Amino acid sequence: MYICIDLGGTNLRGTWINKSGKSGKVSIVARPKSLEGTKEALFVIIQEIKKDSPESAQKIGVASAGPMDLVGGIYLNPTNMPELKGFNLKNFISEKFGLDLVVENDAQAAALGEIFKGCLSGEKDAIVFTLGTGLGSGVIINEDIWRGRLAAGPELGHLYLGPGRRIRCGCGQTGCAETWLNAEALKDLAARNGIQVENPRELDYYLTKKDAQALKTLSQYGRRLGLYLSQVVSIFGITKIGLGGGLSRLGPYFADSVHNTLIHRLAPRKWLIPEKICFSSDPEMSALWGMCFLMLRRSDARD
Ligand SMILES: [Zn+2]
């Protein structure tokens, strides 16, 4: 049995998952924006999961935003959680719980999770995007995370998607795919169509009423996403695409537009048209499934 945790900017989520894929209830603990507070939150959530678990844990897996030293389990210079810089997570877990730790970048873990238990279950090659506050990506080749020559893997969210969007990306540049496709971008697109929302969740109200401007917003968003995906499949030749993260929920409203754009863009190279574009059935679980998959695989490799 493994304890799987997703340590994010706002909160920590976790559960136990056993070898046959059975999992417990998902615990959620808010993350104070300090190192001591984060340690305390980690301690609390692990205790909670242990209490819920029918057997004792073999390992702990933590998915988190990087950059991290994945072997040493140390936060390097986390962009969204600067207070964790230098935090040795591996030592902390070993001292407090006497257990081994496996860490992975959250977007990569989510990608693995989708081929393990999610919408791409059983696929060997896939690209999975996390559409939310940012744009995370994970490239899976032969059931493994493909990193190229980069410690954390390719950062597909920073591919250039054209001028016209003035918002600066977290990387310091403008025009990154992330700034065109994240939650903020969707909110701005809605505003341009006359719908003011604080959060993309508020679009649900208009969408269920089949509001023309809301539907148009999602169709425009789908066109952007389609253009982006046409570039990504051209790089990797991988035609199984998973979409997770908070915005994937709106998939039914933009799926047709993504599909039509891809067919148009890739008409001369039909073999690149994605065979499958699926939406995560439970985006909150993806990274947790992924951590379990990683730990299972590592213990298999040793046997
Ligand atoms: Zn960027």
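The following questions and answers examine helix 7 and the domains of a predicted model.

Local features in this predicted model need pLDDT of at least 70, side-chain atom pairs count only at pLDDT 80 or more, and totals for chains, interfaces and linings use all residues. Residues are numbered from 1 along each chain as its sequence is written.

Q: What span is expected of helix 7, and how far does the helix reach?
A: Helix 7 covers residues 212-236, a DSSP run of H or I with at least four residues, numbered from the N terminus. The expected span is 1.5 Å times one less than the number of residues. For the 25 residues of helix 7 this expectation is 36 Å, and the reach from first to last C-alpha is 36 Å, close to it. Gly237 follows helix 7 with a positive phi, near 65 degrees.

Q: Why are helix 7 and helix 8 called oblique to each other?
A: Their axes, lines fitted to C-alpha atoms over the stretch in contact, are compared by an angle from 0 to 180 degrees between N-to-C directions. Angles under 35 degrees count as roughly parallel, over 145 as roughly antiparallel, 65 to 115 as roughly perpendicular and the rest as oblique. Helix 7 and helix 8 (residues 251-265) cross at roughly 40 degrees, with axes coming within 7 Å. The pair is therefore oblique.

Q: Which classes of residue make up the contact of helix 7 with helix 8?
A: Residues are in contact if their C-beta atoms, placed from the backbone, lie within 7 Å. Among those that meet are Leu215 and Tyr221 in helix 7 and Phe254 and Val258 in helix 8. The contact divides into 11 nonpolar, 6 polar and 2 charged residues.

Q: What makes helix 5 and helix 7 oblique?
A: The axes of helix 5 (residues 183-192) and helix 7 cross at roughly 135 degrees and come within 9 Å. This angle falls in none of the parallel, antiparallel or perpendicular ranges, so the pair is oblique. Leu186, Leu189 and Ala190 of helix 5 make the contact with Thr217, Gln220 and Tyr221 of helix 7.

Q: Where do the domain bounds lie, and how far apart are the C-alpha centres?
A: An automatic or database domain assignment supplies the bounds: domain 1 is 2-105 + 284-302 and domain 2 is 119-281. Their C-alpha centres lie 27 Å apart. The contact takes 5 residues from domain 1 and 6 residues from domain 2.

Terms used. Helices (H or I, at least four residues) and strands (E, at least two) are DSSP runs, numbered from the N terminus. Two residues are in contact if their C-beta atoms, placed from the backbone, lie within 7 Å. Ala, Val, Leu, Ile, Met, Phe, Trp, Tyr, Cys and Pro count as nonpolar, Asp, Glu, Lys and Arg as charged, and the others, Gly among them, as polar.
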